[in-house]
Amino acid sequence: MTSILRSPQALQLTLALIKPDAVAHPLILEAVHQQILSNKFLIVRMRELLWRKEECQKFYQEHEDSVVSASREIAAFFPDFSEQRWYEEEEPQLRCGPVCYSLEGGIHCAAGPGGPGPV
């Protein structure tokens with residue numbers, strides 16, 4: 001599935017967490033996933049994670065509504081993700097399109113001149 005995305009503004013990173021009660025029901029999980037896609041969000045990373053109660057409490061204790069908090073939260077879930085590299089290399093390609101969605105990987109990627117592929 002390819003789409004053209006052209007935006008003069010830089011894209012913003014958003015962390016979406018799907019809680020266990022939704023993940024436990026495949027139809028609900030698929031509905032949430034489709035809702036994310038239908039609202040034109042690009043999925044650039046995805047992973048499943050099982051946390052203990054203590055880890056969840058620590059995460060929510062530190063949670064604030066700020067860019068700093070979002071960066072910290074993204075780093076907690078994707079320790080190998082470089083936000084700076086993403087903004088320098090991937091974000092411009094995703095913003096200017098064309099963009100492909102990989103059903104297999106569950107993420108969006110830039111579709112280069114040679115066809116769809118990760119950035």
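The protein chain holds five helices and four strands, where helices (H or I, at least four residues) and strands (E, at least two) are DSSP runs numbered from the N terminus. The model is a predicted one, in which local features need pLDDT of at least 70 and side-chain atom pairs count only at pLDDT 80 or more, while totals for chains, interfaces and linings use all residues. Residues are numbered from 1 along each chain as its sequence is written, and side-chain values use heavy atoms, with hydrogens and water left out.

Read from the N terminus, the elements follow the order β-α-α-α-α-α-β-β-β. Of the contacts in the protein chain with a separation of 6 or more, 65% are between residues 24 or more positions apart; a contact here means heavy atoms within 4.5 Å. The chain exposes about 8,900 Å², and carbon and sulfur atoms supply 57% of that area. Accessible areas come from the Shrake-Rupley method with a 1.4 Å probe, and for residues only the protein chains shown count as cover. Of the 119 residues, 23% count as buried, a label for residues under 20% relative accessible area, with exposed meaning over 50% and partly exposed in between (1.4 Å probe, protein chains only).

What makes up the largest nonpolar core? This core has 10 residues, namely L13, V44, F59, I74, F77, F78, F81, W86, L94 and V99. The elements that give two or more residues to the core are α4 (67-77) and α5. A nonpolar core is a set of buried Ala, Val, Leu, Ile, Met, Phe, Trp, Tyr and Cys residues joined through side-chain atoms within 4.5 Å. In soluble globular proteins, nonpolar side chains tend to be buried together.

V99 also leads into the strands, as its bridge partner in β3 is A110. Strands β2 (residues 99-102) and β3 (residues 107-112) run antiparallel and are joined by four bridges; two strands pair if DSSP finds at least two bridges between them. The hairpin of β2 and β3 has four residues between its strands, and G106 takes a positive phi there, near 75°. Another positive phi, near 65°, belongs to K40, which follows α2. Helix α2 itself (residues 26-38) has 13 residues, which at 1.5 Å a residue should span 18 Å, and its end C-alpha atoms are indeed 18 Å apart. The expected span is 1.5 Å times one less than the number of residues in the helix.

Turning to charged side chains, a search of the whole structure finds six salt bridges, each a side-chain nitrogen of Lys or Arg within 4 Å of a carboxyl oxygen of Asp or Glu. One of them links E54 and R52 at 3.7 Å, N to O, and R52 is exposed, with a relative accessible area of 55%.

Where do E89 and R85 lie relative to each other in helix α5? They are four residues apart in this helix (residues 83-96), so about one helical turn separates them. Their side chains meet in a salt bridge of 3.1 Å, N to O. E89 is partly exposed at 41% relative accessible area, and R85 is partly exposed at 34%.

Helix α5 also holds R95 and E91, four residues apart, about one turn of the helix. R95 forms a salt bridge with E91, with the closest N and O atoms 2.8 Å apart. R95 is buried, at 15% relative accessible area, and E91 is buried at 2%. Elsewhere, salt bridges that share partners join R45, R85, E89 and E90 into one network.
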